[in-house]
Amino acid sequence: MKQIRLLVYGEGPDDYGWRDSKGEWCSGSIISILKKCAEEMNIDLDIDYVEKRFVDGKDKIKLAARHLRKVEGKGIPALRFSMYAIKNGYTEGIFYCDTDKVMSGSQKDETHCRKHFEKIHSDVVNGLQAAESTVWRGIPMISLKMIENWLLADKESYRKCFGAAPSNPSLPSKPELIWGEKNNLSSDYPKNYIKRVLEQYYQKPGREIYRDIADEVSIETLRKKCPISFCRFYEDFAGLCETA
């Protein structure tokens, strides 16, 4: 079995994890998904984490003007992540982010959502490559539109966690495409939608619950239900594992 030492960055505790009161790292939902992908590919992962403050916080790496001319948007923190990784001796890494709101067009139209995703993916790839290293390879892990969209893909993960599949509401048929008003709790805004799903089980959204769901999710179902963003990550990760 091939072993890969991997540096991972995410946007917060709901996705890549957090430190507990003892300073130990607690992995988040994307790490559960990542490990499941690796298991399918017969890869043993040794995962390290870079804290947000080094990439997009108070201790973030300062970029020269020549670097900033090459990147934009989420490519900027992706470049900082790459520079941190290279400085600390890593050769492979994953940069996780959400795409958030579609900037132009319908939030629920597949063509508009796909176009928006491709722009964010391209920005992140440019950032990961702009560090100009011959030994470093980083890939994006990008959820359209946020991590909750992926976590709304597999009804069987809820059955395994809570004893029954969601029914009021059930899970969306195309979880990547749902959207709604953030301040309207009855809307299909992903965080509002998953909140209503979890209320069936007398649970509240949170990092531990998200991780529990991700622990049970089917990678095959994720690929089927989230063809725009998760399939791209799965393909990128397969390529990383093959060449690592």
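**Exercise 1. Determine which side chain makes a polar contact with the side chain of Glu176, and where Glu176 is found.**

Solution. Step 1: A polar contact is a pair of N or O atoms within 3.5 Å; within protein, one must be able to donate a hydrogen and the other to accept it, and residues adjacent in sequence count only if both atoms are side-chain atoms. The side chain of Ser229 makes such a contact with the side chain of Glu176, at 2.5 Å. This is a predicted model, in which local features need pLDDT of at least 70 and side-chain atom pairs count only at pLDDT 80 or more, while totals for chains, interfaces and linings use all residues. Residues are numbered from 1 along each chain as its sequence is written, and side-chain values use heavy atoms, with hydrogens and water left out.

Step 2: The Glu176 side chain also reaches the backbone nitrogen of Ile228, at 3.0 Å.

Step 3: Glu176 is found in the loop between helix 7 (155-162) and helix 8 (190-199). Helices (H or I, at least four residues) and strands (E, at least two) are DSSP runs, numbered from the N terminus.

**Exercise 2. Establish whether Glu176 is buried or exposed, and what its nearest side chain of opposite charge is.**

Solution. Step 1: Buried means under 20% relative accessible area, exposed over 50%, and partly exposed in between (1.4 Å probe, protein chains only). Glu176 is buried.

Step 2: Lys and Arg count as positive and Asp and Glu as negative; His and the chain ends are not counted. The nearest side chain of opposite charge is Arg114, 6.5 Å away.

Step 3: A salt bridge is a side-chain nitrogen of Lys or Arg within 4 Å of a carboxyl oxygen of Asp or Glu. Glu176 has no salt bridge.

**Exercise 3. Identify the salt bridges that Arg66 and Lys70 form.**

Solution. Step 1: Arg66 forms a salt bridge with Glu132, with the closest N and O atoms 3.8 Å apart. Arg66 lies in helix 3 (residues 65-68) and Glu132 in the loop between helix 5 (110-129) and strand 6 (137-143), so this pair ties together parts 66 residues apart in sequence.

Step 2: Lys70 forms a salt bridge with Glu132, with the closest N and O atoms 2.0 Å apart. Lys70 lies in the loop between helix 3 and helix 4 (75-87), so its pairing with Glu132 ties together parts 62 residues apart in sequence.

Step 3: Arg66, at 44% relative accessibility, is partly exposed; Lys70 is partly exposed at 40%.
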